[in-house]
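User: Could you take a close look at one helix in this model for me? I would like to hear about its length, its packing and whatever lies around it.

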Amino acid sequence: MGVKLSPASPAGKWLGLVTAVWVQAISGNNYTFSNYSDALKTLMGLTQLELNSLSVAKDVGKAFGIFAGLASDRLPTPVILLIGSVEGFVGYGVQWLVVSGRIQPLPYWAMCIFLCMGGNSTTWMNTAILVTCIRNFRKNRGPVSGILKGYVGLSTAIFTDVCSALFGDDPAKFLMMLTVVPFIVCLASMFFLREIPPSQTAGEEREETKFFGIINVIAVIIALYLLAFDVTGTHGRLFSQFFAAILLVLLASPLLIPIYLSMKNFIRSGSEGVDVEQSVREPLLVAPEVEKKLETVSAAEKRRPVLGEEHTIVEALQTVDFWILFGSFLCGVGTGMAVMNNLGQMGLALGYADVSMFVSLTSIWGFFGRIFSGSVSEYFVKRAGTPRPIWNAASQILMAVGYVVMAMAMPGSLYVGSIVVGFCYGVRLAVTVPTASELFGLKYYGLIYNILILNLPLGSFLFSGLLAGFLYDAQATSTAGGGNTCIGAHCYRLVFLVMAVVCVIGFALDVLLCMRTKTIYAKIYGSRKSKKSSPSNNAQ
């Protein structure tokens, strides 16, 4: 007797999450611009301001993520993934054709369009993944956000290290990977990722927590594995190929969870005659709970929702708390994007010929920031009702310190700065995602998330395109090819100091949000505590 593996079965639910992890592990291509930006600058004869404007065009693609947010409530997950994969294939495919020399460099405006398409493609992938998985695992929002956003952070290191291992530091082959790999992975994920009912009992929630712990451990092993490869210097071709093979095995290892659940259900169905799929078709709420929910909805229609209840997008935009969250998010991710977009030129200015190490360090420590903050913030929400935004406040201060260290330009300061900025940037992303869902609800979460993500192109424009671009060009000298260059610690010193001040402002906003939301998180804590102590849940 066999058990059919459908997306609605327990094993299918976790198989969907595993494929979501794979999509996230290849969807951080927006953070890899530094790996091929110098090739574009040389081929097109660009100044630093023009190159930074190209990176802004890439990030402006995220501004059109609003369309992905609108589609998330109207189109099924596979269709959203398909749109993202095709758009990325075209956007990065054209960049590959240019850098590889297969076609002549396109006009500047045309390159902006294709970089914008590449940037926008990730909004469709991320919206499909985050909205679906947070709804499927809504009682573990912090860990889900940390894991998914963590793999986005690791994706830069995965792409960079695998490309270096297999092809050397070839920007053309790197862009070829960005073109083909996300397209294939998204097509595979379309068959398994669906929105299905979340866990209903304390026992199921505990099992989810256990499995998330396993996936976290695997992710940390992958991160340390990538870090070890980076810090051990140059490797031979055979060793590098072996490294890539082991990395693929590690990325596939979370499949053990759905395989375990599938075998468990197979044994159970054979011994007890239980229809596994029938059990998940039972209604989410029993009759009294349904009646209570209807009464709550009816009452909510007569008044404006408060924090913690479902908000429409208009209702969310009318709250002060949304704009505090938006502003603090801009201070953190905007300055972080400026560093990521300019790491190549920052490294060259300080005399480093190879900047791939800094790109990988930012990626890997961004992963640790995501994983750490997702799990730790969830723990303190459940154990003590600690407002989740407090972790954003802590990251802002640490990020400000990182910028001051980078401005000092002491030996090794770029290594320290890359680690600190990557870690804090990861915290911002992982904490803000569940915070928005807790304050404004899940019903219109896809659109609310993509409005918050507008901070990425906005921050890139303000801090990378304007601040870093203008200040760098003011210090740079012209080159024969029509571009410019700057060597020395002075090239970015003022940029770092201004961004440190911005982070202090973000810290103040996060502290204010903590004060305004502490009552909400106290209610979340009280609600979860009462559910755990109820006789029905203890009996599960």
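Analyst: Happy to. In this predicted model, helix α8 covers residues 171-189, and its 19 residues should span 27 Å at 1.5 Å a residue. The C-alpha atoms at its two ends are 27 Å apart, which agrees with that expectation.

Let's start at the N-terminal end of α8, which is capped by D170. A side-chain oxygen of D170 lies 2.9 Å from the backbone nitrogen of A172. A172 is itself one of the buried residues of α8, a list that also holds F174, L175, M177, L178, T179, P182, C186 and S189. What do these buried residues pack against? Their partners are four helices: α1 (10-25), α5 (77-99), α6 (108-136) and α7 (141-167).

Now for the surface. M176, V180 and I184 belong to a nonpolar surface patch of about 600 Å², together with L82, V86, F89, V90 and F167. Two elements, α5 and α8, each give two or more residues to this patch, and α5 gives the most, with four. So α5 turns up twice in this picture: it is among the helices that the buried residues of α8 pack against, and it is the top contributor to the patch. V90 is a nice residue to look at here, as it lies in α5 and belongs to the patch. With a relative accessible area of 35%, V90 counts as partly exposed, because that value falls between the 20% limit for buried and the 50% limit for exposed.

Note on methods:
Residues numbered from 1 in each chain as written. Predicted model: local features only at pLDDT ≥ 70, side-chain atom pairs only at ≥ 80, totals over all residues. Heavy atoms only, no water. Expected span 1.5 Å × (residues − 1). Buried < 20%, exposed > 50% of the residue type's maximum accessible area, 1.4 Å probe, protein only. Contact = heavy atoms within 4.5 Å. Polar contact = N/O pair within 3.5 Å; in protein donor to acceptor, adjacent residues only side chain to side chain. Patch = residues over 30% accessible without salt bridge, like charges linked within 9 Å, V, L, I, M, F, W, Y side chains within 5 Å. Areas by Shrake-Rupley, 256 points an atom, 1.4 Å probe, with all protein chains shown as cover. Salt bridge = Lys/Arg side-chain N within 4 Å of Asp/Glu carboxyl O.
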